[in-house]
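The following exercises concern surface character, charge pairs and rings in one protein model. Please examine the sequence and the coordinates before turning to the solutions.

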Amino acid sequence: MKIGFIGLGNMAEAMIGGMLGTGGFRADEIVGSAKTKETADRVCGKYGITAGTDNRETAKQADVLILAVKPVFLAEVIAEIRDFVDGENMLVISIAAGKTIEWIEREFGMPLRIVRCMPNTPAMVGEGCTCVCLKETFSDRRVYDGDRELVLRIMSSFGRASILPERLMDAFIGVAGSAPAYVFLFIEAMADGAVMAGMPRKQAYEFAAQSVLGSARMVLETGMHPGVLKDMVCSPAGTTIEAVRVLEEKGMRAAVIDAVGACVDRSRNM
């Protein structure tokens with residue numbers, strides 16, 4: 001089986017690294033194409049895969065074709081490779097935001113065995129969160145069970161992956177796809193507060209980031225409600241409840257809800 005990547009940017013690299021590291025794939029099973037020879041050569045040297053600049057050649061070789069280009073370039077890429085895509089015998093995976101399965105099939109001009117995925121940037125350190133949306137039907141059959149398992153295997157190699165209906169993709173983008181940016185802002189703001197109190201910035205970033213990492217693991221590994229975990233930190237008349245009071249007074253919760261909503265709306269209208 002050959003897995004082809006069209007686009008070898010940061011997200012594709014994260015996926016390839018996970019597939020080779022924990023997904024059980026071999027370098028000789030992966031081919032790819034990039035816009036520039038410099039990128040292709042760098043990725044080839046780093047991971048040992050076969051890489052070039054010809055998208056059509058990648059499509060010709062692939063049994064599984066991963067479209068890892070920015071949404072603005074996707075129509076152009078599809079027009080270039082559509083004559084080399086076998087809609088029945090090739091599995092197509094798209095990670096392009098805002099481009100639905102219906103839109104992609106329309107651009108290809110044929111029904112496809114297609115899965116739409118949305119990984120987020122922590123995939124670059126093996127802690128990604130990926131939404132997997134399966135096409136409901138293929139001709140008169142459901143998308144093959146083997147397709148589902150293969151895609152989950154790929155996406156789980158660099159973090160967590162979950163099946164969602166495509167109608168919830170925009171909500172996923174709001175709560176996970178774009179969420180690393182919200183978290184980075186929070187870490188930066190916490191560190192700024194510590195710097196104001198006299199702490200060196202390097203230590204402030206380290207302490208803030210580790211606190212976010214540890215808190216997230218507590219939610220995932222204990223299965224406890226975030227509100228319960230928050231209450232466990234808030235001692236009566238203590239420092240934490242005072243900080244929580246200020247966050248509530250400044251509207252942190254409402255601001256985050258509104259930010260996620262704005263992200264969802266933008267995704268729906270791309």
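Patches are made of residues with over 30% relative accessible area and no salt bridge, and nonpolar side chains are joined within 5 Å. The model is predicted; the mean pLDDT of its protein chain is 93, with 96% of residues at 70 or more.

**Exercise 1. Identify the residues that form a nonpolar patch on the surface, and the elements that give two or more residues to the patch.**

Solution.
1. The patch consists of Phe186, Met190, Leu247, Met252 and Val256, which together have about 380 Å² of accessible area.
2. Two or more residues come from each of α8 (179-196) and α12 (252-268).
3. Methionine 190 is found in helix α8. Its relative accessible area is 32%, so methionine 190 is partly exposed.

**Exercise 2. Explain how arginine 245 and glutamate 249 are placed in helix α11, and classify their accessibility.**

Solution.
1. The two side chains meet in a salt bridge, with an N to O distance of 3.3 Å.
2. Arginine 245 and glutamate 249 are separated by about one helical turn because they are four residues apart in helix α11 (residues 239-249).
3. Arginine 245, at 40% relative accessibility, counts as partly exposed.
4. Glutamate 249 reaches 55% and therefore counts as exposed.

**Exercise 3. Determine how many salt bridges a search of the whole structure finds, and describe further examples.**

Solution.
1. The search finds 18 salt bridges.
2. One of them joins aspartate 231 to lysine 230 at 3.4 Å, N to O. Aspartate 231 has a relative accessible area of 48% and is partly exposed; lysine 230, at 36%, also counts as partly exposed.
3. Another joins arginine 26 and aspartate 28 at 3.0 Å, N to O. With 46% relative accessibility, aspartate 28 counts as partly exposed.
4. Glu13, Arg42 and Lys46 are linked in a network of salt bridges.

**Exercise 4. Establish how many aromatic pairs the structure holds, and which charged residues lie over rings.**

Solution.
1. A search of the whole structure finds zero aromatic pairs.
2. Lysine 99 lies over the face of tryptophan 103, at 4.4 Å from the ring centre.
3. The charged end of arginine 153 sits over the ring of phenylalanine 25, at 4.1 Å from its centre.

**Exercise 5. Is phenylalanine 158 buried or exposed?**

Solution.
1. Phenylalanine 158 lies in the loop between α6 and β8 (159-163).
2. Buried means under 20% relative accessible area; phenylalanine 158 has 1% and is therefore buried.

Conventions:
Residues are numbered from 1 along each chain as its sequence is written. This is a predicted model: local features need pLDDT of at least 70, side-chain atom pairs count only at pLDDT 80 or more; totals for chains, interfaces and linings use all residues. Side-chain values use heavy atoms; hydrogens and water are left out. pLDDT is the predictor's confidence in each residue, from 0 to 100. Patches are made of residues with over 30% relative accessible area and no salt bridge: like charges are joined within 9 Å, nonpolar side chains (Val, Leu, Ile, Met, Phe, Trp, Tyr) within 5 Å. Accessible areas come from the Shrake-Rupley method with a 1.4 Å probe; for residues, only the protein chains shown count as cover. A salt bridge is a side-chain nitrogen of Lys or Arg within 4 Å of a carboxyl oxygen of Asp or Glu. Buried means under 20% relative accessible area, exposed over 50%, partly exposed in between (1.4 Å probe, protein chains only). Rings of Phe, Tyr and Trp (its six-membered ring) pair if their centres lie within 6.5 Å; planes under 30 degrees apart count as stacked, over 60 as edge-to-face and the rest as tilted. A charge sits over a ring if NZ of Lys or CZ of Arg is within 6 Å of the ring centre and within 35 degrees of the ring normal.
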